Amino acid sequence: MTERTDQTERADQTERAKRTERTASAGGAGNAGSPAGAGSPADAATYEVVVVGGGAAGLSAALVLGRARRRTLVVDAGEPRNAPAAHLHGYLSRDGMSPAEFLAVGRAEIARYGVELVRDRAVDVTRGDGGFAVRLAGGSPSGEGRTVRARQLVLATGLADELPPVPGLAERFGRDVLHCPYCHGWEVRDRAFGVLATSPASVHQALVVSQWSKDVTLFLHTLAEEELTDEDRRRLDTAGVDVVPGEVAALVVEEDRLTGIRLAGDGGEHAREVLFVAPRPVPRTGLAVRLGAETSRTPFGDYPVTDERGLTSVPGLWAAGNAAGFAEQIVNAASRGYRAGAAINLELLMADLDAGGRR
Ligand SMILES: Cc1cc2nc3c(=O)[nH]c(=O)nc-3n(C[C@H](O)[C@H](O)[C@H](O)COP(=O)(O)OP(=O)(O)OC[C@H]3O[C@@H](n4cnc5c(N)ncnc54)[C@H](O)[C@@H]3O)c2cc1C
């Protein structure tokens, strides 16, 4: 395919996705004309599956479900975790794509199979005999939008990154303030790196990023020097990482580029071009908790316990992507979504066969 045709095809896909999104927002009749069959006005708000969250995990689950002819709705608030970054990396065949384009293509793909996508926020959920009732905010400040129903519910709500409260840091996140060298290390290789220590794990981060640059300074910030073990010191020394004690007061930015790190008091300024930080992950597990899903505590927050397919402790409730674990990068999140989608299809099929018929 030529570049021109490729662009035209992508533009068509994006337009198709927008049309589906508009229909769903307007409370349209759902999968009319789709392989799954038309929904009547009476069942317009009833789906076989509702997916909350339209990032890599949610869209992947929806793609599999749509292709399996399952009447599926994706509810997405439209705030994917990697939105601050201009490009995504490390996803084979998608390396360097913009996060917005990745999602636009994904939305167009699910639209092809009649999956609906609504730009909204799920604010409450209950579970009864027939499945789940999910209340949407509907854009109203009081959060009293419509309710959609589903036999199975996927939570693909991702997580939020709580950044260290250093002046000037949040504005540069995803640009020259980074958290993941696998995502963006190559793009900043060989530059002057700083690492902002906020816990003993920051030593590990400083060691890891030394794979991408030989010029790394670990700013101890909130970490006391005594917290460094002998092994930490030995490894940092061998990796050539400089260690600077003292609290970081602010980032120095010139012409929209990070140029330095300013320490509190008379600690002075250190020229740096990139700062690695460790945001505190805040899992979006509110809906799972409301349904009584069992969670497990990890150093990166509490996540719903799932089996290898993504099924939580609540029958019919699934979790995928960063909603189910901190470590999922985009390709892993997509893979988890795919796996959950296929398992849900099987679950619905067997339930219907065991009940003596297909719905
Ligand atoms: C700055 C940055 C750069 C990154 N770069 C890369 C990279 O290059 N490569 C890589 O592999 N990974 C990267 N990541 C990690 C990547 O963002 C995650 O792995 C990925 O987004 C996880 O996908 P997800 O579908 O689980 O969640 P998300 O992509 O975060 O999607 C969750 C969606 O659910 C929606 N949502 C949440 N709650 C609700 C609700 N109640 N109702 C409706 N919708 C809701 C959100 O608005 C969002 O649209 C990066 C992360 C950051 C912070």
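**Talking through the ligand shell, H5 and Gly260**

Modeller: Around the ligand there are 39 residues, the closest being Gly53, Gly55, Asn82, Gly158 and Gly321; a residue is near if its C-beta atom, placed from the backbone, lies within 6 Å. This is a predicted model, where local features need pLDDT of at least 70, side-chain atom pairs count only at pLDDT 80 or more, and totals for chains, interfaces and linings use all residues. Numbering runs from 1 along each chain as its sequence is written.

Biologist: How do you know where the ligand lies relative to domain 1 and domain 2?

Modeller: Domain 1 (3–161 + 281–354) and domain 2 (164–278) both give residues to the shell, so the ligand lies between them. The domain bounds come from an automatic or database domain assignment.

Biologist: Why is Gly260 called partly exposed?

Modeller: Buried takes 20 or more other C-beta atoms within 10 Å of a residue's own, exposed takes 12 or fewer, and partly exposed is in between, with C-beta atoms placed from the backbone. Gly260 has 18, so partly exposed is the label.

Biologist: What makes Val252 and Glu269 contacts of Gly260?

Modeller: Contact means C-beta atoms, placed from the backbone, within 7 Å. Leaving aside neighbours within four places in sequence, Gly260 has such contacts with Val252, Glu269, His270, Ala271 and Arg272.

Biologist: Why are the buried residues of H5 said to be on the same side?

Modeller: In helix H5 (residues 201–209), the buried ones are Ser202, Val203, Gln205, Ala206 and Val209. They cover an arc of only 160° around the axis, so they sit on the same side of H5; the arc is that of the directions from the helix axis to the C-beta atoms.

Conventions:
Helices (H or I, at least four residues) and strands (E, at least two) are DSSP runs, numbered from the N terminus. Two residues are in contact if their C-beta atoms, placed from the backbone, lie within 7 Å.
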